[in-house]
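User: Hello! I would like a close look at a single part of this model, with the terms explained as we go.

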Amino acid sequence: MTRRFDFAVGRTNPETFPVDKMQRAASIAIEREYEALTNYHGRLGHPELRAIMATRESEREGVSVNPDSIALMNGSMQAVTLTAEALTSPGDTIICEEFTYSGTISAYRSLGIEMVGLPLDNNGMRVDLLESTLDRLGPKRKPKFIYALTTYQNPSGTVMSLERRAQLIRIAENYDIPIVEDNCYGDVHFDGDKPSALYALSDYAKIIYLCSLSKILAPGLRLGYLLARPPIFDQILERRHDAGGNYLAAAIVAELYRDGVWSLTDHLNKSLRVKKNLVVNGLANELHDICAWSDPAGGLFVWLRYPEDVDQKKLAELAAARNVHFAPGANFHINNDDRPYLRLAFGHVPDQDIRDGIPLLAQSIREARTSNAPKEFGDLYD
Ligand SMILES: Cc1ncc(COP(=O)(O)O)c(C=O)c1O
């Protein structure tokens with residue numbers, strides 16, 4: 001059975017993929033760069049794409065970014081892994097949000113890293129608890145880095161406030177702990193202003209910044225990047241032994257984005273905003289009396305909190321029988337705790353399937369309850 005109402009997987013919108021433009025870019029890039037393709041290109045990768053990503057960064061953040069501080073990666077996931085490999089040994093501790101990206105959790109687990117989680121609230125990671133957590137861990141378990149999803153956090157969609165960003169940098173610098181800022185979703189942006197990335201707020205030399213083309217174009221390209229300052233930049237790249245990234249994909253995308261990333265990104269974001277609104281309006285119609293959910297200003301996910309008395313196994317079964325799929329909260333919890341949350345990914349779901357699917361999800365949540373108790377919480381985090 002095909003997964004009709006597939007809210008489980010964080011993909012972007014295939015309807016806005018620039019097929020014609022990509023075909024033209026591929027043809028031009030191959031003709032122009034076939035000779036370069038017959039060679040290896042070292043650790044940093046395709047120079048024009050790095051320059052375009054430096055422009056993307058400096059236009060978003062309002063600071064100048066040197067293309068030679070950027071290394072293209074096989075998706076930002078390669079950067080997540082290389083950074084962890086470079087900065088930790090098995091048994092080491094890191095700090096992250098208590099709910100975070102499941103791919104990162106499994107990478108860290110497989111490297112034997114112990115994750116210490118800070119809770120989330122509507123302003124993102126509870127940085128106000130960082131110092132007391134560091135003091136509790138003491139020098140023996142001093143974290144090797146802090147991994148933070150600052151903007152449109154996965155899974156919650158929260159944005160870390162400017163005040164907390166400043167506090168995070170100040171504490172990390174005082175304790176001499178690197179920060180890994182994963183800004184994968186930063187340009188999947190619907191409404192309003194967003195705070196600057198950490199590297200644009202400070203000269204602290206141990207901020208490692210990761211970004212991607214997966215969320216503004218397509219994860220199948222496997223193009224992401226790492227931006228950092230020496231010596232930590234070189235320390236991470238020393239772990240790289242793949243003879244560089246996919247030069248063809250980079251050459252094609254450099255041609256596609258010859259005039260910058262924003263016009264294609266804006267086109268995609270308009271369609272995603274419609275989908276996000278369909279999800280939150282559907283939830284407001286169906287579940288306002290028993291659930292709470294995020295209304296994110298960007299990203300690909302709505303984070304939903306449901307009553308404690310929902311039987312989670314039954315919910316998964318009832319939803320699957322209606323061909324509705326979602327990602328359970330436990331997938332994103334650093335200890336796999338089955339808290340009463342779920343994540344709805346909407347990027348690739350056709351608009352009509354969102355309209356039809358949310359009521360089926362709502363029906364499944366109601367039927368999986370074991371009581372009729374009124375809602376016992378006010379919002380997502382109280
Ligand atoms: C927070 C976060 N970081 C990294 C990734 C990996 O993305 P990619 O390797 O495709 O750039 C994802 C993918 O969902 C993500 O959500």
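Which residue is the bridge partner of Ala 71 in β10?

Analyst: Happy to help! First, this is a predicted model, in which local features need pLDDT of at least 70 and side-chain atom pairs count only at pLDDT 80 or more, while totals for chains, interfaces and linings use all residues. Residues are numbered from 1 along each chain as its sequence is written.

The bridge partner of Ala 71 in β10 is Leu 226. Strands here are DSSP runs (E, at least two residues), just as helices are runs of H or I with at least four residues, numbered from the N terminus. β2 and β10 pair in the antiparallel sense over 4 bridges; two strands pair if DSSP finds at least two bridges between them.

On its other side, β10 (residues 224–227) is joined by 4 bridges to β9 (residues 207–212), again antiparallel. There, Tyr 225 of β10 is the bridge partner of Cys 211.

Stepping back, the open sheet has 7 strands in the order β2-β10-β9-β8-β7-β3-β4, with mixed pairing. β2 (70–73) and β4 (114–118) are at the edges with a single partner strand each, so one side of each has no neighbour in the sheet.

Even so placed, β2 is covered on both faces: Ile 70 and Leu 72 are buried on one side, Ala 71 and Met 73 on the other. Buried means that 20 or more other C-beta atoms, placed from the backbone, lie within 10 Å of the residue's own (exposed is 12 or fewer, partly exposed in between).
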